Every structure is written in C-alpha cells, then in structure tokens.
Amino acid sequence: MIKLLADENIPIKAVNALKRKGIDIVSVTEFSPGLSDRKVLDLANRKERIVVTFDKGFGELLFREKLKAKGLILLRFIPKSPKQITKRIEYLLTAEIPIKNRILIVKEYGVRVITLKY
C-alpha cells in the first residue's frame, strides 16, 4: 500500500478527505509544522512515505542535490478547492500509475512520470 506524507501546503481538508477514503496519508502539520523541505524529505524517507506537495523546491532537492526519496507527487496546478486536490490524488492511486521511486508532476489534466535513478 502506498503511504503519503502531505507537505504543509496541502490543505488539511484534502488530507482528511483522503483519510476518510482509506488512503494512508498524514500531514506534516499534524505533528511537525515548520519543517524545512530537506527535513520533510528526511521524515518521509524514515517513515517510508511519498511526499505530496505544491512546492517545486522538492524537485530541486532530488535533481540538483541528488537527495533520495521514496517518491514525490508534485502538484503543479492552481487548485479550485480541496476536493479537486483529493480527486487528483485519488486518480493517481487508482490509475495504476507507478508511484514508488518516481516523481509525478501532476497538472490539472495530465501527469508526467519521471523515474528516480540512484
């Protein structure tokens, strides 16, 4: 089962909606608000979770600094509501798109998948 870690920029309403649907997701705001991107990534790795964020700084950490990650879901659209975020993440988890060891760049109507190579 895929386990997710929502960055602080993911609305708690979206996180709670995903939890109600049985998705294993926790938010950084629930237990450690204010962490740097690097520390969020470290936490996700220790807990074997994939980071969900709107912050493209995580991509920089993975590409430029070559930090490791279990995976990254990078949302690159302006959300109209927490419900839209919930639906996009649900789609990713049910569409048989490989997520582990990948970066998923999620736009409003498309997904780009990049394999992480270590």
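## A tour of charges and helix faces

With a relative accessibility of 36%, Arg76 counts as partly exposed, so select this residue to begin. Keep in mind along the way that you are looking at a predicted model. Arg76 sits in the loop that runs between β4 (72-75) and α5 (82-94).

**Stop 1: the positive patch**

Keep Arg76 selected and add Lys56, Lys107 and Arg112: these four residues gather on the surface as a patch of positive charge. Now click on Lys56, which you will find in the loop between β3 (50-53) and α4. Lys56 is exposed, its relative accessible area being 53%. While you are there, draw a distance from the C-alpha atom of Lys56 to that of Ile105: the two are separated by 9.5 Å, although they are 49 residues apart along the chain.

**Stop 2: the salt bridges**

How many salt bridges does the structure hold? There are seven. Side chains of opposite charge can pair when their charged atoms come close. Let us visit some of these pairs.

Select Glu65 and Arg38 to see a salt bridge whose closest N and O atoms are 2.4 Å apart. Glu65 belongs to the loop between α4 (57-63) and β4, while Arg38 belongs to helix α3 (residues 37-46), so this pair ties together parts that are 27 residues apart in sequence. Glu65 is partly exposed, with a relative accessible area of 43%, and Arg38 also counts as partly exposed, at 43% relative accessibility.

Next, select Glu60 and Arg64. In this salt bridge the closest N and O atoms are 2.5 Å apart. Are the two partners buried or exposed? Glu60 is partly exposed at 39% relative accessibility, whereas Arg64 is exposed at 67%.

Now move to Lys80 and Glu108, whose side chains meet in a salt bridge of 2.4 Å, N to O. This pair links distant parts of the chain, 28 residues apart: Lys80 lies in the loop between β4 and α5, and Glu108 in the loop between β5 (102-107) and β6 (110-115). Lys80 counts as exposed, with 64% relative accessibility, while Glu108 counts as partly exposed, with 24%.

**Stop 3: the two sides of α3**

Go back to the helix that carries Arg38 and select α3 (residues 37-46). Which residues of α3 are buried? Colour Val40, Leu41, Leu43 and Ala44 to see them. Turn the view so that you look down the axis of α3: these buried residues fall within an arc of 160 degrees, so they line one face of the helix. An α-helix has 3.6 residues a turn, so residues three or four places apart point the same way. Then rotate to the face turned away from the buried side of α3, where you will meet the exposed residues Lys39 and Arg46.

**Stop 4: the two sides of α1**

Finish with helix α1 (residues 12-20), where the residues to colour are Ala14, Val15, Ala17 and Leu18, which are buried. Viewed down the axis of α1, these buried residues fall within an arc of 165 degrees, so they too line one face of their helix. What is exposed on the other side of α1? Select Lys13 and Arg20 there.

How values were computed: Residues are numbered from 1 along each chain as its sequence is written. This is a predicted model: local features need pLDDT of at least 70, side-chain atom pairs count only at pLDDT 80 or more; totals for chains, interfaces and linings use all residues. Side-chain values use heavy atoms; hydrogens and water are left out. Patches are made of residues with over 30% relative accessible area and no salt bridge: like charges are joined within 9 Å, nonpolar side chains (Val, Leu, Ile, Met, Phe, Trp, Tyr) within 5 Å. Accessible areas come from the Shrake-Rupley method with a 1.4 Å probe; for residues, only the protein chains shown count as cover. Lys and Arg count as positive and Asp and Glu as negative; His and the chain ends are not counted. The place of a charge is taken as NZ of Lys, CZ of Arg, CG of Asp or CD of Glu. Helices (H or I, at least four residues) and strands (E, at least two) are DSSP runs, numbered from the N terminus. Buried means under 20% relative accessible area, exposed over 50%, partly exposed in between (1.4 Å probe, protein chains only). The arc is that of the directions from the helix axis to the C-beta atoms.
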